[in-house]
Amino acid sequence: MNISLVQGDITDQRVDAIVNAANSSLMGGGGVDGAIHRRGGPEILAECRELRASRYPDGLPTGQAVATTAGALQARWVIHTVGPVYSRGEDRSHLLASCYRESLVVAASLGAVTVAFPAISAGVYRWPMRDAARIALSTVRQAWPAGSSVAEARFVLFDSAAYAVFEEILAESR
Ligand code: ADP
């Protein structure tokens, strides 16, 4: 397994699967979600609507993951996962870890080899970047499904500050 870090826009990545920091409605939003739907086009939203009409009438629960087409993106699939909103009063780390774990399970079930992840929950959902990075990196390392098709997990960090934090935590754990 190979964990890599890049600074950039996740919608520019050429990978098998791009993980979306979605919200439970699956109907789009800001941040990564908005960028994915803008660049990927209406096919993604159409499949999300179908999922709402069939498997997830009440929305995708926090910590779970589901795949759709990647539309016009340079990927085969978008894996939508719903991160928890950060709370100072309640430890929701297990839900954030679950996003990474479940996304890897979905990726492996599709036969994806390369998977791009954003820093889930670290934007609008306000998770502190350092803690988000720690959970992301340790979970992906531990949860890699045995015999999985996935060979590369690529974290795509939008700005240099987020990239530096991920780089530091990855170096600490090597
Ligand atoms: P959440 O609602 O789960 O917090 P966001 O999309 O608001 O998700 O933010 C998650 C992280 O992704 C933040 O660090 C944000 O800066 C970053 N981000 C926003 N747009 C992009 C993008 N196009 N590519 C990669 N990362 C992005």
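Guide: A residue counts as buried when its relative accessible area is under 20%, as exposed when that area is over 50%, and as partly exposed in between. The model discussed here is a predicted one.

Visitor: Is Ile 10 buried or exposed?

Guide: Ile 10 lies in the loop between strand 1 (2-7) and strand 2 (17-22), and Ile 10 is also listed among the closest residues around the ligand. Its relative accessibility is 4%, and because that value falls under the 20% cut-off, the class of Ile 10 is buried.

Visitor: How far apart in space are the C-alpha atoms of Ile 10 and Leu 51?

Guide: Along the chain, Ile 10 and Leu 51 are 41 residues apart. Between their C-alpha atoms, the separation in space is 23 Å.

Visitor: How many residues surround the ligand, and which are the closest?

Guide: The space taken by the ligand is the largest pocket, and helix 1 (residues 31-40) gives the most to the shell, with three residues. By class, the shell divides into eleven nonpolar residues, four polar and one charged. The ligand is surrounded by 16 residues, and the closest are Ile 10, Val 32, Ser 121, Gly 123 and Val 124.

Visitor: What percentage of the area that the ligand exposes when taken alone does the protein bury?

Guide: Oxygen atoms of the ligand have polar backbone partners, with a backbone N or O atom of Val 32 at 2.8 Å, a polar backbone atom of Gly 123 at 2.8 Å and a backbone N or O atom of Val 124 at 2.9 Å. Taken alone, the ligand exposes 570 Å², and the share of this that the protein buries is 89%.

Visitor: What is the phi of Ser 121, and where does this residue lie?

Guide: Most residues other than glycine have a negative phi. Ser 121, by contrast, has a positive phi, near 70 degrees, and its relative accessible area is 5%, so Ser 121 is buried. The place of Ser 121 is the loop between strand 5 (114-117) and helix 4 (129-143).

Visitor: Is Arg 126 buried or exposed?

Guide: Arg 126 is found in the loop between strand 5 and helix 4, and its phi is positive, near 65 degrees. Its relative accessibility is 53%, and because that value is over the 50% cut-off, Arg 126 counts as exposed.

Visitor: Which class of accessibility does Ser 149 have?

Guide: Ser 149 is found in the loop between helix 4 and strand 6 (152-157), and its C-alpha atom is 22 Å from that of Gly 71, a residue 78 positions away in sequence. Its relative accessible area of 27% falls between the cut-offs of 20% and 50%, so the class of Ser 149 is partly exposed.

Visitor: Which residue has a side chain in polar contact with the side chain of His 80?

Guide: His 80 lies in strand 4 (residues 77-82) and counts as buried, with a relative accessibility of 1%. The contact distance is 3.2 Å, and the partner side chain belongs to Asn 20.

Visitor: How far apart in space are Ala 136 and Leu 96, C-alpha to C-alpha?

Guide: Ala 136 is found in helix 4 and, at 0% relative accessibility, counts as buried. In sequence, Ala 136 and Leu 96 are 40 residues apart. In space, their C-alpha separation is 7.8 Å.

Terms used:
Residues numbered from 1 in each chain as written. Predicted model: local features only at pLDDT ≥ 70, side-chain atom pairs only at ≥ 80, totals over all residues. Heavy atoms only, no water. Near = heavy atom within 4 Å. Polar contact = N/O pair within 3.5 Å; in protein donor to acceptor, adjacent residues only side chain to side chain. Areas by Shrake-Rupley, 256 points an atom, 1.4 Å probe, with all protein chains shown as cover. 1 Å grid on protein atoms, 1.4 Å probe; cavity = no way out; pocket = protein on both sides within 12 Å on 5 of 7 lines; lining within 4 Å. Sits in = over half its atoms within 2 Å of the grid points. Helix = DSSP H or I, 4+ residues; strand = E, 2+ residues; numbered from the N terminus. Nonpolar A, V, L, I, M, F, W, Y, C, P; charged D, E, K, R; others polar. Buried < 20%, exposed > 50% of the residue type's maximum accessible area, 1.4 Å probe, protein only.
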